[in-house]
Amino acid sequence: MYGKCSSLPDAWSVFHDLVHKNAFSCNIMISTLCANGQSAQAIHLFLALASDSVVRPTHVSFVAAKRVLGLFSESLGLESGALEEAFEGERHAMRMNYYPPCPEPELTILDAHADPNGFTILQQDTRVKDGLQIVHCGAWVPIKPLPGAFVVNIGDQLQVLSNDAYKSVEHRAVVNSERTRVSIASFYGPAEDSHIALLAQLVADEAPACFKDSVYGNYLQSFYASKLDGKAAIETVRY
Ligand SMILES: O=C(O)CCC(=O)C(=O)O
Ligand SMILES: [Fe+2]
């Protein structure tokens, strides 16, 4: 509430006085700091959470992840738990991206890529209009931040599991010459030792298997060992 009214001292004071800080209150405090231009403090709080044994940052933004997975399953015509099974032993990771202003913004881009995981819940910085861009119909399209909304980016594993029905989104982030931008990305994926095999229910004579089985940890390793290069990674597991 105080955060929404931009009364940062009041928001801090309420947060400090909370006896039990949970994922929800921490997430609100980080968002409030970002929304009020206090990116350094937001990063500080995020790092403090990372070393806290009670509130893990990986839980902060994943309250909705299971629900999103259920909706993806249903939209593929499957039981709502079908994808949840494929993500058993789930792996959560969270990254805060900090983009300082740059006098030559065109030289400083987070290169085009698709996220290698299942899907990503991204919180954008509502103070900055230009940041995230996605490829749509062959062109880069800006995704304007909406107050109170998360962006859900489909990642490579969902494309593989769905036998190409879902496409991982190719995206990049641009910077600007005036303002710092912050984004918080929560990556949701299967356990690293999971065998990723497309869901048998989605293979048919008219929809033959598009992807080879792979071990998720190996996929991640080769993704991070290579330069970001659009959707090149998923092509390495395509038949
Ligand atoms: O900063 C953004 O909007 C995008 C960040 C991103 O794509 C990532 O962390 O994978
Ligand atoms: Fe990304």
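User: In this predicted model, which cavity is the space taken by ligand 1?

Analyst: The model is a predicted one, and the protein closes around ligand 1 to the extent that 99% of the 290 Å² which the ligand exposes when taken alone is buried. Ranked among the cavities, the space that ligand 1 takes is the largest.

User: Which strand gives the most residues to the shell around ligand 1?

Analyst: Strand 1 (91-99), strand 2 (109-113), strand 7 (171-174) and strand 8 (181-189) each contribute at least two residues to this shell. With four residues, the leading contributor is strand 8.

User: How many residues of the shell around ligand 1 are nonpolar, how many polar and how many charged?

Analyst: There are 14 residues around ligand 1, and those that come nearest are Arg95, Tyr99, His171, Arg181 and Ser183. Sorted by class, the shell comprises seven nonpolar, four polar and three charged residues.

User: At what distance from an oxygen atom of ligand 1 does a polar side-chain atom of Ser183 lie?

Analyst: A polar contact is counted for N or O atoms within 3.5 Å, and several side chains offer such an atom to the ligand's oxygen atoms, including Asp115 at 3.3 Å and His113 at 3.2 Å. For Ser183, which is also listed among the residues that come nearest to ligand 1, the separation between its polar side-chain atom and a ligand oxygen is 2.7 Å.

User: What distance separates the centres of domain 1 and domain 2?

Analyst: The domain assignment divides the chain into domain 1, covering 8-51, and domain 2, covering 59-236. Taking the centres over C-alpha atoms, the separation between domain 1 and domain 2 is 26 Å.

Notes
Residues numbered from 1 in each chain as written. Chains lettered and ligands numbered in written order. Predicted model: local features only at pLDDT ≥ 70, side-chain atom pairs only at ≥ 80, totals over all residues. Heavy atoms only, no water. Near = heavy atom within 4 Å. Polar contact = N/O pair within 3.5 Å; in protein donor to acceptor, adjacent residues only side chain to side chain. Areas by Shrake-Rupley, 256 points an atom, 1.4 Å probe, with all protein chains shown as cover. 1 Å grid on protein atoms, 1.4 Å probe; cavity = no way out; pocket = protein on both sides within 12 Å on 5 of 7 lines; lining within 4 Å. Sits in = over half its atoms within 2 Å of the grid points. Nonpolar A, V, L, I, M, F, W, Y, C, P; charged D, E, K, R; others polar. Domains from an automatic or database assignment.
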